[in-house]
Amino acid sequence: MPIKTTVITGATSGIGKETVLALAKKDHAIYMLVRNAQKGEQFRQEVIAATKNKHIYVIACDLADMESVRNAAYTLKASLLAINILINNAGGIFAAREESKDGYEMTFAVNHLSHFLLVNSLMPLLEKGQARIINVSSEAHRMAKPNFNDLQWAKRPYSAWKAYGTAKLFNIYFTRTLATRFGPKGISAFALHPGLVNTGFGVGLTGIGKTLMWLARPFMISAEAGAQTTIYLANATRIDSKSGSYFKNKRVASTSAAATDELGRNRLWDLSMEMIATFLN
Ligand SMILES: NC(=O)c1ccc[n+]([C@@H]2O[C@H](COP(=O)([O-])OP(=O)(O)OC[C@H]3O[C@@H](n4cnc5c(N)ncnc54)[C@H](OP(=O)(O)O)[C@@H]3O)[C@@H](O)[C@H]2O)c1
């Protein structure tokens with residue numbers, strides 16, 4: 001019997017793939033939320049063959065489409081009584097400003113808002129499972145320029161790295177608010193930086209961003225190494241007292257000063273709640 005029920009986004013590439021392989025070996029039942037069902041099914045079979053764990057499942061979920069996120073949450077609620085681990089791993093950086101199906105700026109939608117909807121939709125299952133929520137953030141949060149009057153980058157020139165850094169700062173805000181609001185209900189939340197990891201991340205960048213990624217490539221760690229802090233947070237015992245913290249290399253690490261802004265994180269929560277309201281039921 002599986003020891004834990006784990007849900008993960010971004011399971012079909014890079015850090016997510018290695019996380020799934022490691023947790024499957026530890027007998028987790030894993031529900032992979034994927035945008036490409038064929039890629040998900042192929043990987044599901046690879047995981048079962050490699051680990052002999054048959055409790056691996058694929059659920060369609062495009063994080064650039066709130067209805068798809070809502071449907072994935074419905075499927076999970078119809079199939080499960082509780083979730084023990086939720087890993088919000090999927091993310092990306094976008095060279096030019098794009099919009100999600102619902103008209104939100106893509107970096108904000110995929111890295112933050114879709115996961116915000118997912119967590120809030122799954123809250124009854126998370127509470128039942130006394131869940132640990134793990135948000136894959138980044139050191140790029142230090143580049144953040146949060147502007148609550150223009151969360152969608154519609155009034156300023158778009159910057160791929162600033163939009164990405166801001167979305168990753170929002171992962172830390174979200175983590176801290178979850179820890180504060182839902183800690184009393186037995187839920188813990190953690191954010192992490194995985195390292196500079198050689199994955200599909202940033203392949204769509206152009207210009208200087210592409211050059212920077214090319215220059216950094218030789219110094220990057222493998223996806224397997226990049227998954228270690230996520231795997232640690234999913235399996236470690238006695239870390240609940242560190243709920244709300246940001247981890248690097250399996251240890252609590254300091255964040256930017258901006259990440260400790262309580263007013264900012266509460267504002268993000270309220271604005272995000274307004275944006276998902278029609279999808280939350
Ligand atoms: N690589 C790094 O150096 C680094 C550093 C710091 C933080 N991170 C963070 O680590 C996390 C994992 O990234 P990675 O490095 O493993 O990159 P990756 O190889 O590009 O993986 C990203 C994953 O997100 C999924 N995804 C992207 N857009 C999606 C959407 N609209 N709907 C559903 N799934 C979507 C991708 O799905 P497909 O498989 O279908 O493409 C893929 O599985 C991200 O949150 C990233 O921001 C990475």
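Here is a short conversation about the ligand site and one loop of a predicted model.

Modeller: Residues are numbered from 1 along each chain as its sequence is written, and side-chain values use heavy atoms, with hydrogens and water left out. As the model is predicted, local features need pLDDT of at least 70 and side-chain atom pairs count only at pLDDT 80 or more, while totals for chains, interfaces and linings use all residues.

Biologist: Thanks! What makes the S13 side chain a polar contact of the ligand?

Modeller: A polar contact is a pair of N or O atoms within 3.5 Å. An N or O atom in the S13 side chain is 2.6 Å from a ligand oxygen, so the pair fits that definition. A ligand oxygen also lies 2.9 Å from a polar backbone atom of I15, and one is 2.9 Å from a polar side-chain atom of R35.

Biologist: Why is N249 called exposed?

Modeller: Exposed means over 50% relative accessible area, buried under 20%, and partly exposed in between (1.4 Å probe, protein chains only). N249 has a relative accessible area of 65%, so it is exposed. N249 also has a positive phi of about 45° although it is not a glycine.

Biologist: And why does K250 count as partly exposed?

Modeller: The relative accessibility of K250 is 40%, so K250 falls in the class between buried and exposed. K250 is not a glycine either, yet its phi is positive, about 65°.

Biologist: Where is K250 found?

Modeller: In the loop between β7 and β8, where N249 lies too. Strands here are DSSP runs (E, at least two residues), numbered from the N terminus.

How values were computed
A polar contact is a pair of N or O atoms within 3.5 Å; within protein, one must be able to donate a hydrogen and the other to accept it, and residues adjacent in sequence count only if both atoms are side-chain atoms. Helices (H or I, at least four residues) and strands (E, at least two) are DSSP runs, numbered from the N terminus.
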